[in-house]
Structure formats: C-alpha cells, structure tokens
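Open the model in your viewer and keep the selection tool at hand. The stops below go from a charged spot to some aromatic rings.

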Amino acid sequence: MTPATRPAHQTTEIRSAARHLGRRRFLTLTGAAAALAFSVNLPTAGTASADELDPAQLTDDPFTLGVASGDPLPGAVLLWTRLAPAPHQPDGGLPARRFPVRWEVATDAGFRHIVRRGTATAHPEFNHTVHVDVDGLGENRVHYYRFRTGSWISPTGRTRTAPGQGSGVSALTFGLVSCQRYDQGHFTAYRHLAEDDVDVVFHLGDYLYEYAVNSAGGTRGYPTGTVPDVYNHETVSLEDYRLRYALYKSDPDLAAAHAAHPFVVTWDDHETENNYADDVSENDDPAEEFLIRRAAAYRAYWENMPLRRPQLPDGPDLRLYRRLHWGRLAQFDVLDTRQYRSDQAYGDGWHYSGPESEDPARTLTGDAQEQWLIDGWHRSRALWNVVPQQVTFSQRHNTTALPSQVSMDSWDGYPASRERVLAGAEAAGVDNLMVLTGDVHVHYGFDVKRDYADPNTRTLGTEVVTSSISSGGNGSAKPSNWATYLAANPHMKFYNGLRGYATVELGRDLARVDFKTVPYVNTPDAPVTTAASFVTEVGDQGLKPA
C-alpha cells in the first residue's frame, strides 16, 4: 500500500507521529510514547491501572480464539489465550478494564491431577491477551492446561515440557509449518497436524498476511458477507494487525493445532509487510513512517503468539532470535532474517549475482545475531544443531545455464553472509547441521554443501523446506519448473509444490524427514499424504530416500 492509496486519516496520523521519531529508535520515553500511542493506538500509562471488572458479568464465551502454548523449557512452558467474546470487533467486545483469568495445568486431560494453578490478568493494553510462564513442572512430560474466567472455561490444551539440558533423551519429533494466507485456502493441513504425533511445532513465518480479505474469504468462497468488512483493507495500524490475528485464530483447524502441540514461532515478512528489510519498506516509504507500522506489527505479534516477556517489543524492535534445547539431542537456534537484514540487492526479485549482492558487508542476520549463532555452536554439546529460520538457505538456480539468476530475497542474495555462517559451523565442528525453512510455498529437500560450486565438496548438513499451509492456492506436485530446478541444483533432493507440512524425527543415529501434502485447499477436508520420506545419518550428512 503506497501513501497515495492509504486511507487519508492513516497517512496523516503516521506522518504526524513520524515527526517525533528518529530513524532507528524512538527518541524519548515521553515524546516517543505519545507519538506511538497516537499513531498505533497504544494505551497511555494510565490504562495500566484500569479498574478490574468482575468476570461474572461476561455473558458470552470469551475464549473464542482458543488456547496455545510455546517455547518449552525443562519443566516449564508458556501458555497463551485471549479474551474476546466478539473477536471481530476492535476491542474484542470488552471494555478497557482488567479481567482476572485463572489457569490450571494437570497431568491428565480430565484435570484430576492438577500440578500447578494460578491467576493471571488480561490487561486491555495487551488487547486482553494472557501470557503465563508456568514453571515447576515435570521435565519432558505431557501436560494439559485450561483457563477460566467467570463461569467460562477455555478449550483444553495439550503441551509438553522439554527434557533437562544434560538429559540423554534419544528421540524428538517435530512439525514444520509456514505461510498460511487466509484468503488463498483452507487450513486443512493444520487439522492433520493436530492429529499427528509430534512433540513440538516450529512455525517458520508468514503466520498472517497483510493483504485485504474480502467478505467471501477469497478462495474459501464463503457466502458474501461472511467475513466482516473490517478485514477488507491492508493492515497498517495496531488495530488492523490485532484484528487480523483474530480472523486467523478464529480458524478451527489452526486452533486445533495450537491446542494439540506447543509451538516455537518466528516471523518472516508478511506479519508486517511483504519483503521488508530492516527499516526499508516494500514501497520505500520514509523509514520514520515504516518503523511506526513495524512497531504496531511487532506488538500485535507478541500479543498473539505464545512468547515470553523477553520477547516483548521495545517500540519497533523485538529480539525474536533465541535458543532452545532438547536435552543433549538437539540445540535449536531460532533466527530472525527480516529485522536486521541489508536491503535486497538490485531491487529484489531474481537477478544475476554481482558486486551489489556479493558485497561482503551485506548481512541477512545482522552482525550481532550472526555472532550469537556461531558462538552458540562453539558452546553446543548437542548431537544435532538445528536452525529454524525463514528463507531458502541453499543455493537455488532457476536454469541449467550458467550463470543463473538467483533470488535476492533468500540467502543467495547474501552470499557473504551465508559463507560466514557456513565457515562458522565448520570452525565450530558442527557435524550434524539441519536448517529449517519456509517462505517459498513448496517442499524442498537440500543437502547443505560447503561449496555449492563444487558438487563433490563436503555436505555439512541438510535443509528441510516446508511448503505452505494455504498460500499460493492448491499448487501442484510437479510445478512447471520442477525438472529444471532438479537438474540445475544437484544438491536438491526433493521438490513438491502441493500444500502441506513436514515432520522431522531426530534420533541418535539418524533423522527422518516426512514431507506431507494435501491435494487441494480451495475446499475443506482434503486428505493428507506422505509424498516422500528421507533420512540423513549422524556423521554422514545428506538426504537419502527412506
């Protein structure tokens, strides 16, 4: 959305607030807070002391958006819900008052053996979302949880804690998902994932899309008027982003997956705006304006994701990269390849590599995150070092002729950044590297090569790229470029363009990857199929058919 096509009142508000802001950060606590509140409708300080309302006065179910859990730690997990009896209204159908919310965690689905309980507060300044960091639980255990307020009880969620960091646990199964555009299809894959036997789910970005959703829900083809008109414009303000999360979380298949498994989330671009890079917007809006939009998007993301307090944003900044462990079996270094990246070279898109993209100063992760990743590898004692992130890491040519164009938005557009990461993994002695990727709406399986120019060079690890849940519509098993891509990229071992998700089972001897697909998303209730399965062996990396 360019300034010319934004609603006039939004353009005026953004420009007014932007005059109070510096290029990278808000300048003062007072002036900046006022500017941000004005532009994205954040609460003023007084709202934090809003009166508490007796939840007995709630006459409609406030748990319309379900429950979620995330970021499992040894003996701890983050629980989430939001109170919203009218989720498609900006205020969720609630006054600007605080609500007490009780929570319970049990070892059984019937809650006969409750092991932890307490009370949290749903604050209006956080759109009545609730984040409860529950500790003191058994390690590597399944637990069940629920929330209560007034006479209302939430759906029951099932979650799991991680094993102790020094534990010799021998297996872990996780799901991979990404790219769930509401108006391009049903979230059927989530229903199947909810029924799948996984310990945790990694969401690799594009949880929502900023584009307008018409009253028929686009491809979903609902009767006209089904989707409220508040969604029929691009998201720009805090209210817009909050409402868009309500639309997505009202989907029953997504809600079922959240209730069934803990999620570890990271974003890509569409949670804010297509292909943004740091403070550079898609349409090259003034940075001061875009950072206000980014602040709104980041705040709504934290509010609606199962994230802990350390990820709470500070204006337009949110440290999302973080490290999780699953005993001594796996270390997960969750990356953010949007917030700190250099602008895409050559105006984005597919281009030949050249001086601009090959500039060694360019970075996809930012210097601090890159060093954090490599330092973490040097300290790692895990058998598997896994990197959940957003965009295609492996080299991807689009023609067998050389030179070939490559994507400027992926790691191919930042070859010096990729080389530093690969060199860091090699120097740290990382033997079993696995990169997890979303973004491209297809399944890929890659061998991660030390030097992509030489097919015989060492294979450092593997890359598992999961297809989209719905983005791109139905797709096809063999897209038009299927044969070309496989021929042009000998390290590409699998390619499928249908929607779906992937699962990975890590073990002491090998990892198994299952690529799962649904044949269509334009209508609901599609069956799921395992399109292909591969293994990669400890100490002998590379994807081989299972």
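Select Glu356 to begin; this residue of the predicted model sits in the loop that runs between β14 (350-351) and α7 (367-379). Is Glu356 buried or exposed? Its relative accessible area is 37%, so Glu356 counts as partly exposed. Now add Asp284, Asp343 and Asp359 to the selection: together with Glu356 they form a negative surface patch.

Next, turn to the aromatic rings. How many aromatic pairs are there? The count comes to 23. Select Tyr182 and Tyr248, one of these pairs. The ring centres are 5.7 Å apart and the planes meet at 45 degrees, which makes the pair tilted. Tyr182 lies in the loop between β9 (171-177) and α3 (188-195), while Tyr248 belongs to helix α4 (residues 238-249), so the pair ties together parts 66 residues apart in sequence. Tyr182 is buried, with a relative accessibility of 6%; Tyr248 is buried too, at 0%.

Move on to Tyr276 and Phe290. Their ring centres are 5.5 Å apart and the planes stand at 50 degrees, so this pair is also tilted. Tyr276 is in the loop between β11 (263-265) and α6 (287-304), and Phe290 is in helix α6 itself, so the parts tied together here are 14 residues apart in sequence. Both Tyr276 and Phe290 are buried.

For the last stop, go back to Tyr182 and Tyr248 and add Phe187 and Tyr190. These four residues form one aromatic cluster.

Methods
Residues are numbered from 1 along each chain as its sequence is written. This is a predicted model: local features need pLDDT of at least 70, side-chain atom pairs count only at pLDDT 80 or more; totals for chains, interfaces and linings use all residues. Side-chain values use heavy atoms; hydrogens and water are left out. Patches are made of residues with over 30% relative accessible area and no salt bridge: like charges are joined within 9 Å, nonpolar side chains (Val, Leu, Ile, Met, Phe, Trp, Tyr) within 5 Å. Accessible areas come from the Shrake-Rupley method with a 1.4 Å probe; for residues, only the protein chains shown count as cover. A salt bridge is a side-chain nitrogen of Lys or Arg within 4 Å of a carboxyl oxygen of Asp or Glu. Lys and Arg count as positive and Asp and Glu as negative; His and the chain ends are not counted. The place of a charge is taken as NZ of Lys, CZ of Arg, CG of Asp or CD of Glu. Helices (H or I, at least four residues) and strands (E, at least two) are DSSP runs, numbered from the N terminus. Buried means under 20% relative accessible area, exposed over 50%, partly exposed in between (1.4 Å probe, protein chains only). Rings of Phe, Tyr and Trp (its six-membered ring) pair if their centres lie within 6.5 Å; planes under 30 degrees apart count as stacked, over 60 as edge-to-face and the rest as tilted.
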